[in-house]
Amino acid sequence: SEKTEAHMWNYVNLNNEWYGVDLTWDDPIIIGDVPSTNNIRQNYLLKGSNIFDTTHIPSGKISKTGMLFTLPNLSNRNYK
């Protein structure tokens, strides 16, 4: 079976639309075990469901015993 790890990201509301932001996955310091030469990455900055939901599956739970959060629906498109 595939092992996953806990991971968190943010949702941002701009002009009454929600977008996904994942600063961890856009961290330019390490890619795998190799330091990155690219200092700016925006693969997961202000992305709509067309991109964000293909790699991020929200559960609304912060922990196994924590409160269940209701999450907003992302815009269908990325922020312009």
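Helices and strands here are DSSP runs, a helix needing at least four residues and a strand at least two, and they are numbered from the N terminus. Counted that way, the protein has one helix and five strands. Walk from the N terminus and they come in the order β-β-β-β-β-α.

Keep in mind that this is a predicted model. The mean pLDDT of the protein is 83, with 79% of the residues at 70 or more. The confidence isn't spread evenly over the elements: β2 has the highest mean pLDDT, 97, while strand β3 (residues 30-31) has the lowest, 58. Where pLDDT is low, the predicted coordinates should not be read in detail. With that said, let's go to the sheet.

Three of the strands make an open sheet, and their order across it is β1-β2-β5, with antiparallel pairing. The edge positions belong to β1 (10-14) and β5 (45-47); each of these has a single partner strand, so one side of each has no neighbour in the sheet. Going from one strand to the next, the twist averages 40°.

Now zoom in on the β1 and β2 pairing. Strand β2 covers residues 17-21, and it pairs with β1 in the antiparallel sense over five bridges. You can pick out individual partners along the way: V12 has Y19 in β2 as its bridge partner, and L14 stands opposite E17 in β2.

The two strands form a hairpin, with two residues between them. Both N15 and N16 sit in that loop, and their backbones are worth a look. Phi of N15 is near 55°, which is positive even though the residue is not glycine. N16 also has a positive phi in a residue other than glycine, near 65°. What about their surroundings, buried or exposed? N15 is exposed, at a relative accessible area of 65%, and N16 counts as exposed too, at 69%.

From the turn, move to the aromatic residues. W9, Y11, W25, Y44 and F52 form one aromatic cluster, and the count of aromatic pairs comes to five. A pair of aromatic rings is described by the distance of the centres and the angle of the planes. Take Y11 and F52: their ring centres are 6.4 Å apart and their planes meet at 65°, so this pair is edge-to-face, the cut-off for that label being over 60 degrees. The pair also ties together distant parts of the chain, since Y11 belongs to strand β1 and F52 to helix α1 (residues 49-52), 41 residues apart. Both of these residues are buried.

F52 has a second partner to look at. With Y44 it makes another edge-to-face pair, this time 6.3 Å from centre to centre and with 75° between the planes. How buried are these two? The cut-off is under 20% relative accessible area. Y44 is at 16% relative accessibility, so Y44 counts as buried. F52 has a relative accessible area of 0%, so F52 is buried as well.

Next, find D22, in the loop between β2 and β3. Is D22 buried or exposed? At 1% relative accessibility, D22 counts as buried. Which residues does D22 touch, leaving aside neighbours within four places in sequence? The contacts are H7, M8, W9, Y44, F52 and H56. Three of those names should ring a bell, as W9, Y44 and F52 are members of the aromatic cluster. Another residue to locate from here is Q42: 20 residues along the chain from D22, with 9.0 Å between the two C-alpha atoms.

Finally, step back to the whole protein. Of its 80 residues, 21% are buried. The protein exposes about 6600 Å², and carbon and sulfur atoms supply 53% of that area. As for how the chain meets itself, take the contacts between residues at least 6 apart in sequence: 55% of them join residues at least 24 apart. The link between Y11 and F52, 41 residues apart, is a good place to return to with that figure in mind.

Technical notes: Residues are numbered from 1 along each chain as its sequence is written. This is a predicted model: local features need pLDDT of at least 70, side-chain atom pairs count only at pLDDT 80 or more; totals for chains, interfaces and linings use all residues. Side-chain values use heavy atoms; hydrogens and water are left out. Two strands pair if DSSP finds at least two bridges between them. Axes are lines fitted to C-alpha atoms, for helices over the stretch in contact, and angles run from 0 to 180 degrees between N-to-C directions. pLDDT is the predictor's confidence in each residue, from 0 to 100. Buried means under 20% relative accessible area, exposed over 50%, partly exposed in between (1.4 Å probe, protein chains only). Contact means heavy atoms within 4.5 Å. Accessible areas come from the Shrake-Rupley method with a 1.4 Å probe; for residues, only the protein chains shown count as cover. Rings of Phe, Tyr and Trp (its six-membered ring) pair if their centres lie within 6.5 Å; planes under 30 degrees apart count as stacked, over 60 as edge-to-face and the rest as tilted.
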